[in-house]
Amino acid sequence: ESNKPSSTVMIATLIIGTFLFAWILTSILKLKHQYYAFQHINANDWHIDKPPQPIFFIQCINALGFGCGSKCFVSFMLYVLDRTVVQPALTKSLKVMKQADEKDIIDPILCNEEARNAMKERLETYYNDIYHSPTLNAISKLLNYAGAYQCLTHHRKFLSLCMAKGTELSKETVHQPVFIVSFPRTGTTILHRTMSLDRTRFRNFDLSDMVSPLPKPIPRWDMEGRREKAKEGQALLDSVNVIFPGFAECLETMHGFRADEAEEDLGWYDTGLGHMYMDPLMKLHVQNRSTPEGMSKLESKEVAKYRYAWLAMVMKLYQYTDKIEWETRKETAASVGEGGVTTNAVDEETPLSSPSQVYYEG
């Protein structure tokens with residue numbers, strides 16, 4: 001008789017078992033709801049044949065949030081991410097912006113007090129928009145906001161690089177920038193990538209420049225360096241495909257990413273250029289299109305001017321790097337010519353055998 005469990009233990013076990021069963025059943029229902037919601041969006045909006053979905057672990061986090069609920073999980077993780085990672089990165093960026101403003105080397109629109117206040121406001125707006133988004137799931141919110149850290153890190157290091165070049169960089173002039181403007185799905189990507197193959201006339205940013213631009217820009221003529229840079233970009237694409245199997249194949253039906261080819265996608269573009277601005281899909285959701293509040297303050301004429309000034313600065317940096325490192329390579333080749341490396345050999349290995357001053361200025 002004494003070895004039998006007491007009625008209290010049995011009742012407690014029954015209660016715990018009931019709660020556990022209810023939690024498992026609720027979890028299964030949430031996962032099924034998430035699956036059918038995904039299929040519904042695809043059927044009514046995307047129209048993608050066999051759309052890929054993230055691995056089961058990611059689906060569980062989106063639906064359950066480690067057992068505490070998705071909303072609770074996101075609230076906690078976004079707060080931790082903001083305080084421990086993003087805000088310290090913002091502080092460092094603002095410090096470099098202030099230094100650039102005091103030295104009067106960089107375009108004031110990129111570093112003056114107004115620019116610094118606008119940077120803080122954009123980041124705060126970005127945090128709030130992600131947190132309150134009705135269309136992004138838990139992992140999407142975390143990954144989008146984690147991208148702010150990468151943006152700010154690149155922002156700070158690009159500013160530092162341009163400050164280090166000083167007045168030499170300010171002498172660079174970007175002549176005749178080319179803008180490709182058209183409706184979606186009209187062949188702009190093909191045109192962009194075809195034009196980018198003419199490296200004697202055009203400069204552009206490959207996907208690898210955008211996702212992994214540092215520690216320094218790689219000249220357009222440095223084919224070996226660009227192949228190594230492309231490997232870094234491809235590694236990032238491969239990592240996305242690990243947690244989202246079929247993602248790359250799905251994109252091929254709309255806009256395939258190539259690590260070693262020209263890219264214009266805004267998400268990659270702004271991350272690589274370092275400006276703290278991204279345009280996640282929540283901004284295009286139907287319930288946000290008809291109200292100014294839905295677009296918040298991430299889009300404005302002031303932001304557009306800021307972004308073009310930043311783009312011009314980075315273009316000058318790449319242009320300057322092309323010219324200076326070409327001259328350095330020729331001098332190095334000439335100095336070790338007796339060892340078997342000659343200027344002619346260097347010229348033959350590059351698509352720009354003898355770029356003229358017109359090329360540097362054009």
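# A tour that starts at a salt bridge

Select Glu172 and Lys323 and show their side chains: the two meet in a salt bridge, with 2.9 Å from N to O. Glu172 sits in the loop between α6 (167–170) and α7 (188–196), while Lys323 belongs to helix α14, so this pair ties together parts that are 151 residues apart in sequence. Now switch on a surface and check Glu172: with a relative accessible area of 7%, this residue is buried. Bear in mind as you click around that this is a predicted model.

**Stop 2: two helices that cross**

Lys323 was in α14, so stay with that helix. Colour α14 (residues 301–335) and α5 (residues 138–165) differently, and look at how their axes come within 11 Å and cross at roughly 55 degrees. Parallel, perpendicular or oblique: what should we call this pair? Angles from 65 to 115 degrees count as roughly perpendicular and those under 35 degrees as roughly parallel, and α5 and α14 are therefore oblique to each other. The crossing of α5 past α14 is left-handed.

Which residues make the contact? On the α5 side, select His155, Phe158, Leu159, Leu161, Cys162 and Lys165. On the α14 side, select Tyr306, Trp310, Met313, Val314, Leu317 and Tyr320. Colour this set by type and you get 10 nonpolar residues, one polar and one charged.

**Stop 3: His155**

Keep α5 on screen and zoom in on His155, which lies in that helix. Is His155 buried or exposed? Its relative accessible area is 0%, so His155 is buried. Next, show what surrounds this side of the helix. Leaving aside neighbours within four places in sequence, His155 is in contact with Ser93, Met97, Met119, Gly274, Tyr306 and Trp310. You have already met Tyr306 and Trp310, as part of the α14 side of the helix contact.

**Stop 4: the other residue to try in α5**

Now select Ile139, which also lies in helix α5. Ile139 counts as buried, at 15% relative accessibility. What does Ile139 touch, once residues up to four places away in sequence are set aside? The answer is Ile58, Ile61 and Asn62. Try the distance tool on the C-alpha atoms of Ile139 and Asn62: they are 77 residues apart along the chain, yet the model puts 6.2 Å between them.

You can repeat that trick elsewhere. Pick Lys32, which has its place in helix α1 (residues 7–46), and Ala63. These two are 31 residues apart along the chain, with 9.4 Å between their C-alpha atoms. Lys32 counts as partly exposed, at 40% relative accessibility.

**Stop 5: back to salt bridges**

Side chains of opposite charge can pair when their charged atoms come close. How many salt bridges does a search of the whole structure find? It finds 15. Here are some to visit.

- Select Arg83 and Asp82: they form a salt bridge, and their closest N and O atoms are 3.9 Å apart. Arg83 is exposed, with a relative accessible area of 52%, whereas Asp82 counts as buried at 7%.
- Select Asp198 and Arg201: their side chains meet in a salt bridge, with 3.8 Å from N to O. Asp198 counts as partly exposed at 25% relative accessibility, and Arg201 is exposed with a relative accessible area of 58%.
- Select Asp206, Asp209, Arg220 and Arg226 together: salt bridges that share partners join them into one network.

**Stop 6: the backbone oddities**

Hide the side chains for this last stop. Most residues other than glycine have a negative phi, and most peptide bonds are trans. Let's go and see some exceptions.

Go to Asp104, in the loop between α3 (70–103) and α4 (113–132). Asp104 is not a glycine, but its phi is positive, about 55 degrees. At 62% relative accessibility, Asp104 counts as exposed.

Then jump to Arg185, whose place is in the loop between α6 and α7. That is the loop where the tour began, with Glu172. Arg185 has a positive phi too, about 65 degrees, although it is not a glycine. Arg185 is exposed, with a relative accessible area of 62%.

Finish at Pro215, in the loop between α8 (207–211) and α9 (223–243). Is the peptide bond from Leu214 to Pro215 cis or trans? Look along the backbone there: the bond is cis, with omega near 20 degrees.

Terms used. Residues numbered from 1 in each chain as written. Predicted model: local features only at pLDDT ≥ 70, side-chain atom pairs only at ≥ 80, totals over all residues. Heavy atoms only, no water. Axes fitted to C-alpha atoms, helices over the stretch in contact; angles between N-to-C directions. Helix = DSSP H or I, 4+ residues; strand = E, 2+ residues; numbered from the N terminus. Parallel < 35°, antiparallel > 145°, perpendicular 65-115°, else oblique. Left-handed = near helix turned anticlockwise from the far one by under 90°. Contact = heavy atoms within 4.5 Å. Nonpolar A, V, L, I, M, F, W, Y, C, P; charged D, E, K, R; others polar. Buried < 20%, exposed > 50% of the residue type's maximum accessible area, 1.4 Å probe, protein only. Salt bridge = Lys/Arg side-chain N within 4 Å of Asp/Glu carboxyl O.
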